Amino acid sequence: MGAKTLTILGSTGSIGRNTLDVAGRFPDRFQVHALAANNNVGLLREQIETYRPAVAVAYDEEAAERLRAENPRGGATAILSGMEGLLEAAGDARVEQVVSGMVGAVGLRPTYAAIDAGKQVAVANKETLVLAGELMVRRAGETGSMLLPMDSEHNAIFQCLAGDSAGALDHIVLTASGGPFRDLPLERFPEITLEQALDHPNWKMGPKITIDSATMMNKGLEVIEAHWLFGLPPERIRVLLHRQSIVHSLVTFVDGSVIAQLGLPDMRTPISYCLGYPERLSLELPRLNLAEVGRLDFEEISPKKYGCLFLALDALELGGGAPAALNGANEEVVAAYLNGAFPFLNISEMLHRVMAGLKAVLASNEAPPCLARIDTVDDALAADRWGREAAQRLIAN
Ligand SMILES: NC(=O)c1ccc[n+]([C@@H]2O[C@H](COP(=O)([O-])OP(=O)(O)OC[C@H]3O[C@@H](n4cnc5c(N)ncnc54)[C@H](OP(=O)(O)O)[C@@H]3O)[C@@H](O)[C@H]2O)c1
């Protein structure tokens, strides 16, 4: 059996670097065909030299120009740019598995291109499933593309479900760490600094998902992601706060049996499960020692503290383009927050206002069709844009 060829979208990010760490441990099993990032030229060049891909993409044109000028590997790696470059890397006939590890809605077209081309797609980029989950799952069914959940919770569920029929499943439980403010009383939320919000207690991740974890929007996006990946209605997807991040998620079966997947919080475990699928890779990583962990706690989620989770559940209930609109608004608000535009509490406040506006528009006769229904990738991106514009108006004020 030859090496599995990979395209890694978002290779310079947290998911991308962990994926390369795992793939690099098995040079006989994996061959990196393409790497793609936005503008981190320094790291992309290093990765090109280490992993020797045939193709590298810098989405940012200027970054691609700089990379071409540096001429890594004497030109043996073709340097592409823009959305065209990402689509080519994702749909390349020589590639077997695409790791969708870019952050945000910009990953939608390339991820869809990989599905369209019938690839195995390891999905970390949950925003793409929030934008157009129905479309992606349907297209995967048509092209024979296999979607492998890379997000740790969804990967856990995927592992727990292995071997059981869909009829045996009662409901799933996604666990949530609660982020850095799980023990901070609500009245002290006005004091939260950006530095504290970026200091996740259990996971080291990129800045956007770290803020989403602090507001728990991340878990809301994950419920929507699970809805599409596992074909479950919202009432069969539950969320529990589990501060140790050891139980990555659980499945309850119709006979009352509960199966959970446990491990240390290290993304290389779910990543390796996706890369090696259907086999497990023998990974030398620190192992879970339950006696050392000592206890595993579970609590219900406080709606007061984590309002963003419930906004996402509302958007899922509304259906159509509502999740895409909320996701677009969230990306804008979080980007502005990361730039220091306003305090932490304003994130959920603004997103509540966007959702109120969205509900009002949907109740009127003036809603653009993309908010009611998503039939194409363009519809999903139009709904995303609606949410972004609504958020930008609030940010500007
Ligand atoms: N990190 C985790 O442990 C984790 C766990 C579960 C799910 N996820 C999901 O995985 C995704 C990535 O998260 P992350 O934490 O790895 O983010 P991150 O560390 O911020 O990395 C983002 C990656 O996306 C690339 N990127 C951004 N815009 C791009 C564009 N226009 N074209 C091409 N590449 C672009 C970045 O390239 P540059 O470096 O050049 O900007 C970088 O490689 C997110 O959807 C997140 O929700 C992450």
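This report describes the surroundings of the ligand and some unusual backbone positions in a predicted model.

## The shell around the ligand

The ligand is surrounded by 26 residues, and those that come nearest are Thr-12, Asn-39, Glu-127, Asp-151 and Gly-206. By residue type, the shell consists of 12 nonpolar, 11 polar and three charged residues.

Both domain 1 (4-149) and domain 2 (155-265) contribute to this shell, with at least three residues from each. Three helices also take part: helix H1 (14-24), helix H6 (126-143) and helix H9 (207-215) each provide at least two residues of the shell.

## Polar contacts and cover

Oxygen atoms of the ligand lie close to polar atoms of the protein in several places. At Asn-40, a polar backbone atom is 2.9 Å from an oxygen atom of the ligand. The backbone is also involved at Ala-124, where the distance from a polar atom to a ligand oxygen is 3.5 Å. At Asn-125 the side chain is involved instead: one of its N or O atoms is 3.4 Å from an oxygen atom of the ligand.

How much of the ligand's accessible area does the protein cover? On its own, the ligand has 890 Å² of accessible area, and the protein covers 89% of it.

## Two residues with positive phi

Met-216 is not a glycine, yet its phi is positive, at about 70 degrees. This residue sits in the loop between H9 and helix H10 (217-230). H9 is also one of the helices that supply residues to the shell around the ligand. Is Met-216 buried or exposed? Its relative accessibility is 2%, and buried means under 20%, so Met-216 counts as buried.

Ser-245 is another residue other than glycine with a positive phi, in this case near 50 degrees. Its place is the loop that runs between strand E9 (237-241) and strand E10 (247-253). With a relative accessible area of 5%, Ser-245 falls under the 20% limit and is therefore buried.

## A cis peptide bond

Which form does the peptide bond from Tyr-277 to Pro-278 take? The bond is cis, and its omega is near 10 degrees. Pro-278 belongs to the loop between helix H11 (268-276) and helix H12 (290-293).

Methods: Residues numbered from 1 in each chain as written. Predicted model: local features only at pLDDT ≥ 70, side-chain atom pairs only at ≥ 80, totals over all residues. Heavy atoms only, no water. Near = heavy atom within 4 Å. Polar contact = N/O pair within 3.5 Å; in protein donor to acceptor, adjacent residues only side chain to side chain. Areas by Shrake-Rupley, 256 points an atom, 1.4 Å probe, with all protein chains shown as cover. Helix = DSSP H or I, 4+ residues; strand = E, 2+ residues; numbered from the N terminus. Nonpolar A, V, L, I, M, F, W, Y, C, P; charged D, E, K, R; others polar. Domains from an automatic or database assignment. Buried < 20%, exposed > 50% of the residue type's maximum accessible area, 1.4 Å probe, protein only.
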